[in-house]
Number of protein chains: 2
Amino acid sequence: MPYSEIDQLAINTIRALSVDTTSNAKSGHPGAPMGLAPASHVLFSRIMKFNPSSPKWLNRDRFILSNGHACVLQYVMCHLLGYQMSIDDLKKFRQVGSKTPGHPETHDPTLNVETGAGPLGQGIAAAVGLAIGKAHSAAVYNRPGFDIFDNSTFCFLGDGCLQEGISSEASSLAGHLKLGNLVAIWDNNKVTIDGNTELSFDEDVEKRYEAYGWQILRVENGDSDLESIEKAFREAVACQDKPTLINLKTTIGFGSQQQGTHSVHGSPLKPDDAVQVKKLFGFNPEQTFQVPAEVYDFYQKRVDENRAAQKAYDAMYAEYAKAHPDLYNQLERILNRKLPEGWEKNLPLYKPGDAAVATRKLSEIVLDALCPVIPELVGGSADLTPSNLTRWQGAADFQHPSTNIGSYAGRYIRYGIREHGMAGIMNGLAVYGPIIPYGGTFLNFVSYGAGAVRMAALNNSRVIYVATHDSIGLGEDGPTHQPIETFAHFRAMPNIYCWRPADGNETSAAYLSALTHDSSPSILALTRQNLPQLENSTIENASKGGYVLYENKNANVTLVGTGSEVSLCLEAVKVLKSEYNLEARVVSLPCWEVFEEQTESYRLSVIPDGIPAMSVEVYSALGWTRYVHEAFGMTSFGESGTAKQLYEKYQFTPQGVAQRAQKTHEAYKDTPFIRSPVRRAF
Amino acid sequence: MPYSEIDQLAINTIRALSVDTTSNAKSGHPGAPMGLAPASHVLFSRIMKFNPSSPKWLNRDRFILSNGHACVLQYVMCHLLGYQMSIDDLKKFRQVGSKTPGHPETHDPTLNVETGAGPLGQGIAAAVGLAIGKAHSAAVYNRPGFDIFDNSTFCFLGDGCLQEGISSEASSLAGHLKLGNLVAIWDNNKVTIDGNTELSFDEDVEKRYEAYGWQILRVENGDSDLESIEKAFREAVACQDKPTLINLKTTIGFGSQQQGTHSVHGSPLKPDDAVQVKKLFGFNPEQTFQVPAEVYDFYQKRVDENRAAQKAYDAMYAEYAKAHPDLYNQLERILNRKLPEGWEKNLPLYKPGDAAVATRKLSEIVLDALCPVIPELVGGSADLTPSNLTRWQGAADFQHPSTNIGSYAGRYIRYGIREHGMAGIMNGLAVYGPIIPYGGTFLNFVSYGAGAVRMAALNNSRVIYVATHDSIGLGEDGPTHQPIETFAHFRAMPNIYCWRPADGNETSAAYLSALTHDSSPSILALTRQNLPQLENSTIENASKGGYVLYENKNANVTLVGTGSEVSLCLEAVKVLKSEYNLEARVVSLPCWEVFEEQTESYRLSVIPDGIPAMSVEVYSALGWTRYVHEAFGMTSFGESGTAKQLYEKYQFTPQGVAQRAQKTHEAYKDTPFIRSPVRRAF
Ligand SMILES: [Ca+2]
Ligand SMILES: [Ca+2]
């Protein structure tokens, strides 16, 4: 179908609304929306499959704005297409409580925001995750005549996204996995915040993506050659065995007097320039937020076609329910965010006297038990499978079938040595629908992926990081691999559960928590070294986040530990008695965030008034004074040596703990009232 | 010179020692050292310029082992070449207190470890930094007849380094900057921990690096074709306007029965395999750590040639001192880690009543004042120059001269949107010698570079992160850009100074601290919004890390703030008086780490016994109970809106602070003895 004046009018309307929205807010980024208006118009009017009345339609094409600062483009498109986005919402751009925050957020289910974006590079990694999600879901659920999953994923990205390392990691893996239907549209406008890309970015992006195994298409004139834009989109969607990069040459701030420069990137147009632009595009410069009626009509017709497509899909899906009831029921269960009936009965249980086992190995036992019964679990590791122990017995790899080393139905992803990419991809997997992702690396290298971990927390996504080798206890690899500050970092991050289990039952509890908190990510910190199975450690106790592991009504001090230091505290109790004639009680506190969810009276029963409490954890002690009076932790980086040598060097021994507990007792023994730190004034 | 039997014997000695060292330690990575032995032999015997008796020779060629797990190779070479590395040291591989930790560390100045490595990708980024350091230093200090700086930088790296995003970021910038004399040697052995690289990594690495603008060379047989290895090195060193990637095809664990598989990657050879290897290489399998005398002799001759080269260099350098005394004196001053006499007099001073200014702007004023007088300062930004305000007046860009937008003498680096790459490159700049690097990004995106920030702390490197837009106060960009957990993360990290200045004098103090703590990195968290100049804020006070900003002998409560919340606390004092009839005193605590260095009696004078203390900071409050009884902080991510709206929403207002201070007073008013949290039991 040829393009006509209405298309140009629609594009100019997008541009004018982008100018008005940012000018009205006195803040925001007009340049990229103005440059991307033509591609956006073509994409949403001719290519994409979606339904504004049913924004979460299972088989919708996914749209990701990786250059999230351009979000006014997405909001304007939402308005024009009939999503729940009014002109008033556009007028509240970047205001508290609005539907139109400064970067796309996922909190409003009526919009087409699949995942948060803004920190550059996150969007393209999430898009790779969405494309993996689609390939996997199609392999699992599609049947002849029933293409339950056959959507495409479109991702706009800017120069910044391409420069960020996470995009390299995710794009390299996407090429390896031969992900068809993944379409990345590079807004090649030669401008970044500092100025022209010649300042720092003159690599040959096309060649680089070819090196990753992508199909490369180019649109020389992305400002007005709508036919070429459409042709590129169609070729990209048709490509089944490669992701596609479209090099879309655009002019940032198209129409502005400052077009093509970084002046139009990050702040509204100057008032006289805005007037000039509006005139140029045929709008009355005295008025704002004008949308010609025929533009609404035009988009409405496109949307109606899409609605008809969804209707046909829904009919097909109803037939699917009859033809493949098991698959249908499983899918519906997962989409309703329910775990399989009775799944938690598969969690391994231990009793005191059972063999001492590393919690990474206990995690493997959990995965061996759960992965067969929870088909939505899709695991992986950033090339540390034999160390993380993340691959359950009988797992099959997620690989392109042509490789003969797996298939798209496989549920184990070989992420490669790409922690940030892995975490970003998991963010896409988590929101695709039928998948709960988990991924392994060393705890210290979760920090490499911190940017994406943060997005999971912001997105309210259930993503599980299996973080082994959780302390100096990993031993000989030395300080470059031994986390010190990592848990303080993630404990300080909102909406993420940080678990450090002490034994088998606590490891089972950690998975129980991670799987049932379906709007939050979780990090499971797991040891390399063996730990004993503790008395009083039960899934029920650990599921309170913290509990009394060893009670003593005459205690002079409460020792509070996590993970490998809980059994150490128990040893220290004996030394305190024999060498200092002091009594102690021991608390295990494997998850602060869950403990915070308990009542104050419960928390006071665990860490009571009247005696001082001391924490023992081989991390930076930062934060522990929230629960204890004195904190024993690491005050330096670790060293290379055996776990035993290191624990001795840093005095994490029964003797070292007891000495400090005695000092804690001494410091507080004359204090008339020892207030439990769990009491808070506000 | 043709290769002969002695070369092969030397190579086999390297391999046998690598086997022995890991077998003896029962831990470590023999595979990569065995595969890289030929390249290593050629590099150190024919190419590199170095002197084991003078390991820090200014013009030495730099060697970086980015695949740091292969460190046994570096230790073995150190031994054979005559560095202070005995066979006994090799026997202590991976033991506490040894010279031979599990990954290369910088703490031993007698070795050739330029920068720590191990977290994959860090080494190649640091190598780019070293190459920039050389290019810049040569442009500044070399004069006709005086090539003070003309070294090359060699970096071994593995598949893992290439997969990590940081290598993409740093390599792309290296190509842009046309860094000659930078030679990256890819140990292309087709194996990673999970197995064959076909599992996750089949991109075309040569093409990717071509896309970055690198010269590509290939050695088809890196196991034994020494002539081709040498030829590649020589071509690489000769290339003046491009960095070089050598695709060196090797066999991991060459000689082992398991060669070419991941079995030889991360653990010692099986005993019978070790016997077999020793036999294969002509060694007595009953003996360990054998070095034929002729191998020592051979390397000694090479080293003697190098010593002669240094002697000639030293003579030239002595002439340079006479011919260019100003340059010489400046260089010597910097290499001795002294700042210019009286430099600190240039630090800007403010008095109460001076205009309210954003601390990012105050930072710019500091840089405008210092950069002209401290020529070793080399700045930059990850494409946020107009926001970070990191480019001082009169700065010139560091660029290849052919670009006409700067020169190698320029001191301002356009890092592009590559935070992790920037931080990793700064680690190389910091250890090259004549440079103190600083780099800007938003505080929230320092987290993207956390892996490299950690290496700076581990390396004891003076690197300064200028981290603007430091809180929800940045406003409309919203939660994706607003740090919450960031400071808790870095406060928990050993050996890094985290500054959050409240006004102009505190900003000057932050720079004073960052520049004078020459064995630690520093992060300066700076506001986007304006802050008033405070009474009692002086450089001297702030240089104690914390001090009483507003004293009140009758105070009921101590309010402790940082940065933008200090002036808020002062406002809250008035509300506390007028609405609650309570008295308060105010403490500014801009740097915890410096405050910790003060005496306990000083700290008690700032946060005394007897009254409760409450902190006010718009971050996660995690950690604050180290100094205060109650902590007011953010308990969620922020939102998109104006700074004013957001401070109101989260109740960071005089009223909100006063309310919580009143509750704090209420909670503690009947406590018989209120112990200051700065008192510690141990
Ligand atoms: Ca751009
Ligand atoms: Ca390899």
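This is a short walk through a predicted model with chains A and B, a calcium ion and a few residues picked out along the way.

Okay, so let's start with how the chains sit together. If you take chain A and lay it on chain B, you get an RMSD of 0.0 Å, using a turn of 180 degrees and a shift of 0.0 Å along the axis. The two copies are therefore related as by a two-fold rotation axis. And the same surface does the job on both sides: 100% of the contact residues of chain A turn up again in chain B.

Next, the annotation. UniProt, in an unreviewed entry, lists A:H29, A:H265, A:R360, A:S387, A:H469, A:D477, A:H481 and A:R528 under "binding site". Do these residues all gather at one spot, or where do they go? They span 500 residues in sequence and the farthest two C-alpha atoms are 48.4 Å apart, so they do not all gather at one spot.

Let me pull out a couple of them. A:R360 sits in helix α13 of chain A, which covers residues 359-370. A:R360 is buried, because its relative accessible area is 17% and the cut-off for buried is under 20%. Setting aside neighbours within four places in sequence, its contacts include A:S387, A:H469 and A:R528, and those names are on the UniProt list too. A:P386, A:N388 and A:L389 are also among the contacts of A:R360.

Then there's A:H481, in the loop between β12 (464-468) and α18 (486-492) of chain A. A:H481 counts as buried as well, at 7% relative accessibility. What does A:H481 touch, once residues up to four places away in sequence are left out? Within chain A, the partners include A:F442, A:N444, A:F445 and A:H469, and from chain B there are B:H103, B:G118 and B:P119.

Now the metal. The calcium ion, ligand 1, has A:D159 (OD), A:N189 (OD1) and A:V191 (O) as its protein donors, lying 2.3 Å from the ion. In sequence, the donor residues follow the spacing D-x29-N-x1-V. A:N189 counts as buried at 9% relative accessibility, and A:V191 does too, at 8%.

Last stop, over in chain B: B:T558, which lies in strand β17, residues 557-561. B:T558 is buried, with a relative accessible area of 1%. Its side chain makes a polar contact with the side chain of B:R585, at 3.0 Å. Beyond its neighbours within four places in sequence, B:T558 is in contact with residues including B:V587, B:V606, B:P608 and B:M614.

Methods. Residues are numbered from 1 along each chain as its sequence is written. Chains are lettered from A and ligands numbered from 1 in the order in which they are written. This is a predicted model: local features need pLDDT of at least 70, side-chain atom pairs count only at pLDDT 80 or more; totals for chains, interfaces and linings use all residues. Side-chain values use heavy atoms; hydrogens and water are left out. Copies are superposed by least squares on the C-alpha atoms of residues with pLDDT of at least 70 in both. Contact means heavy atoms within 4.5 Å. UniProt positions are given in the numbering used here, feature names are shortened, and annotations may be inferred rather than shown by experiment. Helices (H or I, at least four residues) and strands (E, at least two) are DSSP runs, numbered from the N terminus. Buried means under 20% relative accessible area, exposed over 50%, partly exposed in between (1.4 Å probe, protein chains only). A polar contact is a pair of N or O atoms within 3.5 Å; within protein, one must be able to donate a hydrogen and the other to accept it, and residues adjacent in sequence count only if both atoms are side-chain atoms. Donors are N, O and S atoms within 2.8 Å of the metal (3.2 Å for Na, K and Ca); water is not among the atoms, so sites may look incomplete.
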